[in-house]
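Hi,

Here is the structure I promised to pass on. Have a look at it first, and then read my notes below.

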Amino acid sequence: MNCLLLLPRLPPRPDRAGLSHLRMKLTERPVVTVTALITLAPRGDVAQARLVVGSVASVPFTADTACLAGATAADLASRSGACAEQATASCTPLPDGEASPDYLHHLVFVHARQALGEAFAAASAAA
């Protein structure tokens, strides 16, 4: 019997889009994983943003990125900080013995803010 495995196709990355994927490991498994995707409008501001946080809670979650709509290079740092704060507030870390919940919240904030900045830079370079 011949079996044909059909894998789902991922859509191509949109034009003017940048992606960043960060993870931090304290031992063998990651304690935080953050992926950001930013797509820029033709005038260079944020048209769409996505932020996914994983490894820190029981399931990955998509953070609210509404505050990034229309962000420009001039105000991206403050807006990505606000978005990272919202992601941190939405996260309920699992106790894992390697890091305290406060430290895990801190890692989510730092990595989310960094990933958003890197994704914006990559999108700007792709434009």
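Arg16 counts as partly exposed because its relative accessibility is 23%, and partly exposed covers what lies between buried (under 20% relative accessible area) and exposed (over 50%), using a 1.4 Å probe and protein chains only. Arg16 sits in the segment before S1. Its phi is positive, about 60°, although Arg16 is not a glycine. Most residues other than glycine have a negative phi.

Before I go on, a word on the source: this is a predicted model, where local features need pLDDT of at least 70 and side-chain atom pairs count only at pLDDT 80 or more, while totals for chains, interfaces and linings use all residues. Residues are numbered from 1 along each chain as its sequence is written, and side-chain values use heavy atoms, with hydrogens and water left out.

Ser55 also has a positive phi without being a glycine, near 75°. You'll find Ser55 in the loop between S3 and S4, and it counts as partly exposed because its relative accessibility is 29%.

Now the overall layout. The protein has two helices and four strands, in the order β-β-β-β-α-α from the N terminus. Helices (H or I, at least four residues) and strands (E, at least two) are DSSP runs, numbered from the N terminus. Along the principal axes, the C-alpha atoms fill a box of roughly 55 × 45 × 20 Å. The protein has 127 residues, and 38% of them count as buried. About 7,600 Å² of surface is accessible, with 57% of it belonging to carbon and sulfur atoms; these areas come from the Shrake-Rupley method with a 1.4 Å probe, and for residues only the protein chains shown count as cover.

How are the four strands arranged? They form an open sheet in the order S1-S2-S3-S4, with antiparallel pairing. S1 and strand S4 (61-62) are the edge strands, and each pairs on one side only. Two strands pair if DSSP finds at least two bridges between them. In general, strands of a sheet pair through backbone hydrogen bonds, either parallel or antiparallel.

Try following the sheet from S1. Strand S1 (residues 17-25) and S2 run antiparallel and are joined by nine bridges. You can check some of the partners yourself: Lys25 stands opposite Pro30, Met24 has Val32 as its bridge partner, and Leu22 has Val34. A hairpin of four residues joins S1 to S2. Next, S2 and S3 run antiparallel too, with eight bridges between them, and here Leu40 stands opposite Val46. These two strands form a hairpin with five residues between them, and Gly44 in the turn has a positive phi of about 100°.

How many of the eleven residues of S2 are buried? Nine of them are, so to speak, tucked away: S2 is mostly covered. One residue to look at in S2 is Thr39, which counts as buried because its relative accessibility is 11%. Apart from neighbours within four places in sequence, Thr39 is in contact with eight residues listed here: Pro14, Asp15, Arg16, Ala17, Asp45, Val46, Ala47 and Gln48. Contact means heavy atoms within 4.5 Å.Ile38 belongs to the largest nonpolar core, which has 33 residues; Ile38, Val46 and Leu51 touch the most other members. A nonpolar core is a set of buried Ala, Val, Leu, Ile, Met, Phe, Trp, Tyr and Cys residues joined through side-chain atoms within 4.5 Å. Strand S2 (30-40), strand S3 (46-54), helix H1 (76-90) and helix H2 (101-126) each supply at least two residues of this core, and H2 gives the largest share, ten residues. Leaving aside neighbours within four places in sequence, the contacts of Ile38 include Val46, Leu116, Ala119, Phe120 and Ala123.

Pro12, in the segment before S1, is exposed, with a relative accessible area of 71%. Between the C-alpha atoms of Pro12 and Ala74 there are 28 Å in space, and the two are 62 residues apart in sequence.

Bye for now!
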